[in-house]
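I sat down with this one to look up how its strands pair and how a couple of its helices meet. Notes below, in the order I checked things.

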Amino acid sequence: MAMGLIRLLSIAFTLVLLSILPLHLSLADEITSIESVPDLQKLMYVAVDGFPCVRLLNLSGEIGCSNPGINKVVAPIIKLKDVKDLVQPHTILVTADEMEDFFTRVSTDLSFASKIGGVLVESGSNFQQKLKGFSPDKRFPQAQFSPYENVEYKWNSAASSIMWRNYNFPVYLLSESGISAVHEILSKKKMKHGTYTSDVAEFNMVMETTKAGTHNSEACLQEGTCLPLGGYSVWSSLPPISVSSSNNRKPVVLTVASMDTASFFRDKSFGADSPISGLVALLGAVDALSRVDGISNLKKQLVFLVLTGETWGYLGSRRFLHELDLHSDAVAGLSNTSIETVLEIGSVGKGLSGGINTFFAHKTRVSSVTNMTLDALKIAQDSLASKNIKILSADTANPGIPPSSLMAFMRKNPQTSAVVLEDFDTNFVNKFYHSHLDDLSNINSSSVVAAASVVARTLYILASDNKDTSNSALGSIHVNASFVEELLTCLLACEPGLSCNLVKDYISPTNTCPGNYAGVILGEPSSKPYLGYVGDVSRFLWNFLADKTSVQKGNTTSVCSKGVCSKTDEVCIKAESNKEGTCVVSTTRYVPAYSTRLKYNDGAWTILPQNSSDSMGMVDPVWTESNWDTLRVHVYTVQHSAYDNAVLVAGITVTTLAYIGILAAKSIITKALKQD
């Protein structure tokens, strides 16, 4: 009898335990082996790949995203379409086509914004087809630098301006694997309905400026919690310029393109059409011109300039012009007065329509030199009659040139004679301007090849001053389409990305996936910087341009083992990719790109007082990026606290009943033994 009672109590105890514990053991079925605590952590806390929105600052405040305090943010995940009345902060899962409306509502509905713990954004190439357009930039980007008064003009018809606002919560763009991870955990939630659990996202996206309470560029630079936006521009001349001799200097035909772009998400900034298509067209033209015989006999000097930091106050062009004023080493061989005309290559990736590649020439002003450039473009077009290329003058009703580096040139010198070549007339045809969706699929490589062909021949016509379309040398200038296509995949895709053979032939890239965000400038700015502080793309451009514009004296080459050549007119190329680089004669230099309102001294940055003679400096926001450690997002499942409390109470109850049962059983057994 006593043993039977004990057995009954054991069975009852087991049944009670099973009634309070979840029966969903599917997760355990998935475990193959757990050999350590890290293995268990990886199983429980899934790291999500993606691209963060970070905190940027200027003289008047902040934009971008950050954790609101110094701690991690943990909030349950809910899809935007399922949001009704939120009681507590949640992580909102937003799709790309919902972004504009969502962030606009956040900016206007403070009650709704207070319930946002964090945001996960789901995107992909399929959204490019669904969206008519998505640009987080303004209608007139960087209008404060415009050389004309009509700053209300709508160049960017898809504008929403959401990237220029301040969000006091973390925002994270999910990669393809990140999307899969989030969807997997949410699908398990449906299977586990009623198990008292929540799927949460944990954001570790704390910014140093938030920790220190430095909420503008001046304050954060003083405290060392941020760094200025910028990097290194590159310029090169074809043929090389003899710096030691100032006699018989030729007039300069300056060709300009940009290498940096922006988007809502720091490291998802490809900028395929705007501006990388223009950069690739320039490089394609340089490659074609480098194969022309007798290039050193041209009447004018060809100079190629690739700028960075243009998205953030035309940092590259303004600094380049400032260095010209200073006659610094970074621009040795050049002067303001030597530049006769400027040809900028803007967005040229979407010129193809109806089998014809059409580009529009936007001019700064009416002048004989500008007309000379327009004539050269027309002659180049006619010489490429079989290529179905059309060059048109931009609509005279436009208020002036579109947002471009030429604005800095015009503000510096209103008499600048220049033309910018674009794939649009009255407003952007790129509906994903400064968006993460402006990727390789947003452009047509044949359009870039066509632009490169026109530019190469235009530059030859301008530099040779020969307008004869039957000229054999002009007809021999052909752009390598395969080279252009390869370069596009190197600079605009993660496969192969910067690990492509073309790039690896010149440098050892630190990243595979290209990021065309300007980044921050590290260390002391210099025309001969420490290469560890120079971005992959800038280093590649320097090596590539130095190679293509070089000459070798006596057809001999010399080796440079430590990146240094013995002769002053030589530079060392390919020193990263090979154990020993090669010395070539080339005029190729780095130019630091950072705000003209900044000065670096004794390891720190300071902001200079406004100078009324510097009209662009007067309106310069002075952009900086907050320092941060590692930005991470994890997703995992947690039990509700109410359920934990219920388990605790049930456990105490079971323990108490078991104790009482044991005492009762002990009493019964004792009595039974006495009777025996």
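**Strand pairing and a helix crossing**

I started with β11, which pairs with strand β26 (residues 624–626) in the antiparallel sense over three bridges. Looking for a register marker, I found Cys 226 opposite Ser 626 in β26. A reminder to myself: this is a predicted model.

Next I traced the sheet around that pair. It is an open one of five strands with mixed pairing, and I read the order as β8-β4-β3-β26-β11. The edges are β8 (166–167) and β11 (226–228); each has a single partner strand, so one side of each has no neighbour in the sheet.

Then I turned to the other sheet on my list. Here eight strands make an open sheet, again with mixed pairing, in the order β1-β27-β10-β5-β6-β7-β9-β2. At its edges I found β1 (46–47) and β2 (50–52), each with a single partner strand, so one side of each lacks a neighbour in the sheet.

I looked at β10 (residues 197–204) and β27 (residues 632–639) in that sheet: they run antiparallel and are joined by eight bridges. For the register I noted Phe 203, whose bridge partner in β27 is Val 633.

Moving along to β6, I checked both of its neighbours. Strand β5 (residues 73–79) pairs with β6 in the parallel sense over three bridges, and Ile 77 has Thr 91 as its bridge partner in β6. On to strand β7 (residues 116–122): β6 pairs with β7 over six bridges, also in the parallel sense. There, His 90 has Ile 116 as its bridge partner in β7.

How many of the residues of β6 are buried? I got six of the six in β6 (residues 90–95), so the strand is largely enclosed by the rest of the structure. In a regular strand, side chains alternate between the two faces of the sheet. I sorted β6 by side: His 90, Ile 92 and Val 94 are on one, Thr 91, Leu 93 and Thr 95 on the other, and both faces are covered.

Last, the helices. The axes of α14 (residues 445–464) and α16 (residues 481–492) come within 10 Å and cross at roughly 125 degrees. That falls outside the ranges for parallel, antiparallel and perpendicular, so I put the two helices down as oblique to each other. The crossing is right-handed. From α14, Ser 445, Val 448 and Val 449 meet Ala 481, Val 484, Glu 485 and Leu 488 of α16. By class I logged five nonpolar, one polar and one charged residues in this contact.

How values were computed:
Residues numbered from 1 in each chain as written. Predicted model: local features only at pLDDT ≥ 70, side-chain atom pairs only at ≥ 80, totals over all residues. Heavy atoms only, no water. Pairing = 2+ DSSP bridges. Helix = DSSP H or I, 4+ residues; strand = E, 2+ residues; numbered from the N terminus. Axes fitted to C-alpha atoms, helices over the stretch in contact; angles between N-to-C directions. Parallel < 35°, antiparallel > 145°, perpendicular 65-115°, else oblique. Left-handed = near helix turned anticlockwise from the far one by under 90°. Contact = heavy atoms within 4.5 Å. Nonpolar A, V, L, I, M, F, W, Y, C, P; charged D, E, K, R; others polar. Buried < 20%, exposed > 50% of the residue type's maximum accessible area, 1.4 Å probe, protein only.
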